[in-house]
Structures are given as C-alpha cells and as structure tokens.
Amino acid sequence: MTIFKRTCSIVVAVLVTVLPAISATVTADFSSTTTVPVTAPSYTATGNDVSLSLSFAPPTGTNLTVVKNTGLAFISGKFDNLVQGQEVHLSYEGITYKFVANYYGGSGNDLVLHWAYQDLTSWGSNSSGQLGDGSTISRDEPVLVTQEGLLSGKTIIAVSASSGHSMALCADGTLAAWGSNFAGRLGDGSSTNRSVPVPVIRDGALSGKTVVSIAAASFHSLALCSDGTLSTWGFNRYGQLGNGSSADYSLVPALVSQNGVLAGKTVATVSAGEDYSIALCSDGTLFSWGSGGLGRLGNGSLTNKNVPVAVFKNGVLSGKAVVAISAGSYHSI
C-alpha cells in the first residue's frame, strides 16, 4: 500500500494598520519683541502645525518673527494651520492683539506676524500724486495715504517709493500703486497719473500668482512672486523690463525672461535702480539687466541688456556667497 504524504503550505495574512503621520507642532510663545522660536538656514513648514501665544504686552506696531530663515530660499510650504495673510488673534491679560501672517517678511523669506491694520503716511513732493492723499499738493509734514477704496481694511506688509510713484503690497495679495504713470509704471493699463492707490493689473503675467516683494524704480516697477518669477512694467527704453522686448514701455506687468541665465532659477531678492534691475537667486547666483551705462550691470561691459545677464563673479566675488543686494541710481552693491 502506497502512502501519499501531502505537504500543505499555510499562508498567514498579517494585517498591519498604517497610522497617518502625526504633525509636529512648533511652539511659539512670545515673551518679548526679540523672541524668535525658530532659526534655521532652510525650513519646511508643510506637515507641521504652529502653536502661537503671547506672554507679554506687545507695543503698538510690533511685528513678531516666528521663523527666521537665514538662507536665501523661501520657507517651503505653509504650516497646516496657518496660511499666508491669515489674521491671528493673540491675547495677554485679557487684551487681544491682532496680527497677520506673512511668510515673506523680515529679510524676505521669514515668517513674520505683522501688526494688523496699520496706517500708511507720506510727505514731500506730490506733483504727480505720489503721496496718495487725493491731491497734488506737496507736504512738509506726514499725511495719510488714502486707505478708503482699494486699501480699505487691508494690512500693508511692504511699501516702495521712487522719484515719482509709490507702491504697496497687502497681506491678502492686493497690489496698489499711485503717483506718476509715465510709461505705465503704475501697471494699471493706462498712462494716467493717480493721486490715490489703484490696483496693478493681475491678469497676464501676474495671473494666479502670489506677489511677495515689490520694488519701485525711477520709471519702472517690479514684483517678485512666491514661485520665484519676476514681473516688470513701465519704461523699457534700456531693456530694464528684462523681457527681451524692444518696446519703449509696457502698461501692464510682463514676465522677466527666464530663458537663458535664469532658466531653472528661483529669484529670492530683487532691487531696482535707475533704468536697470538686479536679482539674487536662491542658489546665490546674481543677475542684472537694463542700462549698462557706467558698468552698473557688473557683467564686464557697458552694453544695455534686455534680458538678464550674469554679474561677473570672478575677481573679488570669486568663491563668495552673495547674501543681499541693492541697486543705486548708477551703481550696485
């Protein structure tokens, strides 16, 4: 009699429950105006929460830094419970203080709580309405910029002024300009001077973008967006709009060319001078465009450039890490 033996394979299914990752919570308790809960050369906020509290009475106008980012790149993402432009109410001893979150504050890439609902004032020459008070009367004392209409109920997080026009950026992304509109430097689609703030056109180059920084030059304007792109408008006779165009001006924002030397780059900081601009990227590279007169572009020539060119980094800049820039009327630092 033959006996057959059967070998049985038993498959055991083990069910493993995968729990979702628990967000880390950053505790930010402000005990003074100098409290900075997080300092890092780069920071990722995505996936984390932040717990905000006050243990002192902040003076009027106080801004509080949550994350001090010592690198050039923007903070990556946002805290899960704190979005750009969100109003934050913090209380101490029964008094509530209102702030607005800005991930592009401080040196341009820090998370800062701005004191909410500030007034904006101006003074000096007003021949083109650049004081924004609804008149063209020059003032030897500060006057309030008109904050009815476009700026009503807004928290202004950045301002920039040139010889003839002014710009303001609000926490909710509102971008305003006023004053001389020669060559369309206000970006409202016209060349009409404005004595009160008007909106910069957000169609086209700025459509769907978050503006994080602004710069008003003598005859043109710039806006840096959170995706690292740049838009410019206004006078362009020397190529200062950087979009490759030979047109004398643009009445609406146009994208700075990101072909060539800016391909794949993320602009972190921008500064505007007399008929030219300079940009610093998150990887430390440095570019300029516009009028090359007197060597202000720093690229070893005096030729105007209508698209960005690399600043010469041999010589004294060889091996150096550029961390900040400033464009003067006819020279750069």
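What is the mean pLDDT of the protein, and what share of its residues reach 70 or more? This is a predicted model, and its mean pLDDT comes out at 93, with 93% of the residues at 70 or more. The start of the chain is another story: over residues 1–21 pLDDT stays under 50, and the model shows zero contacts there beyond four places in sequence. Where pLDDT is low, the predicted coordinates shouldn't be read in detail.

Next comes the inside of the protein. The largest nonpolar core has 42 residues, and those that touch the most other members are Phe30, Leu52, Val66, Phe79, Leu82 and Leu113. Strand β6 chips in the largest share of this core, with five residues. Take Leu82 as an example: leaving out residues up to four places away in sequence, Leu82 touches Val50, Leu52, Val88, Ala101, Tyr103 and Leu111. There's also a second, separate core, made of 17 residues, with Ile157, Ile214, Cys225 and Trp233 among them. Tyr103, one of the residues touched by Leu82, has another partner too, as Lys78 lies over the face of its ring, 5.1 Å from the ring centre.

Now for the aromatic rings. A search of the whole structure turns up eight aromatic pairs. In one of them, Phe182 and Phe235 have ring centres 5.5 Å apart and planes at 50°, so this pair counts as tilted. Phe182 sits in the loop between β12 (175–179) and β13 (194–199), while Phe235 belongs to strand β16 (residues 230–235), so the pair ties together parts that are 53 residues apart in sequence. The two partners differ in how much they show: Phe182 is partly exposed at 43% relative accessibility, whereas Phe235 is buried at 9%, because buried means under 20%. Phe235 also pairs with Tyr238, this time edge-to-face, at 6.4 Å centre to centre and with 80° between the planes. Tyr238 itself is partly exposed, with a relative accessible area of 31%. Ring pairs link Phe182, Phe219, Phe235 and Tyr238 into a cluster.

Finally, there's a loop worth a look. Ser107 lies between β6 (95–105) and β7 (110–115) and is partly exposed, with a relative accessible area of 49%. Its side chain makes a polar contact of 3.2 Å with the side chain of Asn109. Not counting residues up to four places away in sequence, Ser107 touches Lys68 and Asn69. Ser107 and Thr70 are 37 residues apart in sequence, yet their C-alpha atoms are 8.7 Å apart in space.

Definitions and conventions
Residues are numbered from 1 along each chain as its sequence is written. Side-chain values use heavy atoms; hydrogens and water are left out. Helices (H or I, at least four residues) and strands (E, at least two) are DSSP runs, numbered from the N terminus. Buried means under 20% relative accessible area, exposed over 50%, partly exposed in between (1.4 Å probe, protein chains only). Contact means heavy atoms within 4.5 Å. A polar contact is a pair of N or O atoms within 3.5 Å; within protein, one must be able to donate a hydrogen and the other to accept it, and residues adjacent in sequence count only if both atoms are side-chain atoms. A nonpolar core is a set of buried Ala, Val, Leu, Ile, Met, Phe, Trp, Tyr and Cys residues joined through side-chain atoms within 4.5 Å. pLDDT is the predictor's confidence in each residue, from 0 to 100. Rings of Phe, Tyr and Trp (its six-membered ring) pair if their centres lie within 6.5 Å; planes under 30 degrees apart count as stacked, over 60 as edge-to-face and the rest as tilted. A charge sits over a ring if NZ of Lys or CZ of Arg is within 6 Å of the ring centre and within 35 degrees of the ring normal.
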